[in-house]
Amino acid sequence: MAVLPIRISGDPVLHSLASPVTDFDDTLRTLVGDMFDTMDEAPGVGLAAPQVGVPLRLFVYGWTDDDNVLHRGVAINPVLWISPSPAGEPDEDADSEGCLSFPGERFPLVRSQSAILQAVDLDGDPFEVRADGWLARIFQHEFDHVNGVIYVDRLEHTYAKAASKASRRNSWGTPGLSWTPGIDHLED
């Protein structure tokens, strides 16, 4: 397997609706394996195909909860059902979120507390995962990616301004920018 370059905000693939996966073949298996390697090396808890320049509706995830249970898998052609988001301002600690395509930055974002992920696996077999808390946040974040949305696009005004400043400071926002985990060392 290989670690792939991760596209940075501004690359068109990150801001476009991804296409459904239609071919369940060795090329797809290799891509998914490479995505797991890339996510783990970054390190991250999720990675969508558009983030590695592939405009397909799939993402991988891997996160260990407070009970030391590993939640790890691939969601192909996902559908996500979410509960209503709580009202109010985001909590700067509890709602803090980051993104491998907006590296080294974190901003608070209110997300739904519960989600139901429906997708298929590498064999095309359907599955469903009911998630709460952080896992529900991961699913929402990655599902946004396959729909051409980066979490900074959802930020409230104050945080959106700070994200815009960070983008300018880092010279992001243009096509073709990427970083490779394990090779490029970005400051947090």
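In this predicted model, the buried residues of helix H1 are covered by elements that include strand E1 (6-7), strand E2 (46-48), strand E3 (58-64) and strand E4 (70-82). The residues beneath that cover are Leu28, Leu31, Val32, Gly33, Asp34, Met35, Phe36, Thr38 and Met39. H1 itself runs over residues 26-41, 16 residues in total, and spans 22 Å from its first C-alpha to its last, close to the 22 Å expected at 1.5 Å a residue. At the start of H1, Asp25 places a side-chain oxygen within 3.2 Å of the backbone nitrogen of Thr27.

H1 leads naturally to the nonpolar interior. In soluble globular proteins, nonpolar side chains tend to be buried together. Here the largest nonpolar core holds 36 residues, and Leu58, Phe102 and Tyr151 have the most contacts inside it. At least two residues of this core come from each of H1, E3, E4, strand E6 (102-108) and H3. H1 is the biggest contributor, giving six residues. Leu58 shows how these parts come together: with neighbours within four places in sequence set aside, Leu58 is in contact with Val21, Leu28, Leu31, Val32, Met35, Ala48, Ala49, Pro50, Val74, Ala75, Ile76 and Val146. Among these partners, Leu28, Leu31, Val32 and Met35 are also buried residues of H1. Another core, of 18 residues, lies apart from the largest one and has Ala48, Ala115, Ala119 and Phe143 among its members.

Strand E3 also carries Trp63. Beyond residues up to four places away in sequence, Trp63 touches Val45, Val69, Leu70, His71, Trp134, Leu135 and Ile138. Gly88 is 25 residues from Trp63 in sequence, and their C-alpha atoms are 27 Å apart.

Charged side chains come next. Side chains of opposite charge can pair when their charged atoms come close. The whole structure contains 10 salt bridges. One of them joins Arg7 to Asp11, with 3.2 Å between the closest N and O atoms. The two partners differ in their surroundings: Arg7 counts as partly exposed because its relative accessibility is 26%, whereas Asp11, at 5%, counts as buried.

A salt bridge also connects Glu97 and Arg137, whose closest N and O atoms are 2.5 Å apart. This pair ties together distant parts of the chain, with Glu97 in strand E5 (residues 96-99) and Arg137 in helix H2 (residues 133-146), 40 residues apart. Glu97 is buried, with a relative accessible area of 3%, and Arg137 is buried as well, at 6% relative accessibility.

Helix H2 takes part in a further salt bridge through Asp144, whose side chain meets that of Arg154 at 2.7 Å, N to O. Here too the pair links distant parts of the chain: Arg154 belongs to the loop between H2 and helix H3 (157-169), 10 residues from Asp144. Asp144 is buried, with a relative accessible area of 6%, while Arg154, at 44%, is partly exposed.

These two pairs belong to a wider arrangement, as Asp95, Glu97, Arg111, Arg137, Asp144 and Arg154 are linked in a network of salt bridges. Asp95 sits in the loop between E4 and E5 and is buried, with a relative accessible area of 13%. Leaving out neighbours within four places in sequence, the contacts of Asp95 are Pro90, Phe107, Pro108, Leu109, Val110 and Arg137. His141, in helix H2, touches two members of the network, Glu97 and Arg111, along with Gly98, Cys99 and Tyr151, when residues up to four places away in sequence are not counted. Like Asp95, which is buried, His141 counts as buried, in this case at 7% relative accessibility.

Finally, strands E7 (residues 114-120) and E8 (residues 126-132) form an antiparallel pair over seven bridges. Val120 stands opposite Pro126 of E8. The hairpin made by E7 and E8 has five residues between the strands, and within the hairpin Gly124 adopts a positive phi near 85°.

Methods. Residues numbered from 1 in each chain as written. Predicted model: local features only at pLDDT ≥ 70, side-chain atom pairs only at ≥ 80, totals over all residues. Heavy atoms only, no water. Helix = DSSP H or I, 4+ residues; strand = E, 2+ residues; numbered from the N terminus. Expected span 1.5 Å × (residues − 1). Buried < 20%, exposed > 50% of the residue type's maximum accessible area, 1.4 Å probe, protein only. Contact = heavy atoms within 4.5 Å. Polar contact = N/O pair within 3.5 Å; in protein donor to acceptor, adjacent residues only side chain to side chain. Salt bridge = Lys/Arg side-chain N within 4 Å of Asp/Glu carboxyl O. Core = buried A, V, L, I, M, F, W, Y, C linked by side-chain atoms within 4.5 Å. Pairing = 2+ DSSP bridges.
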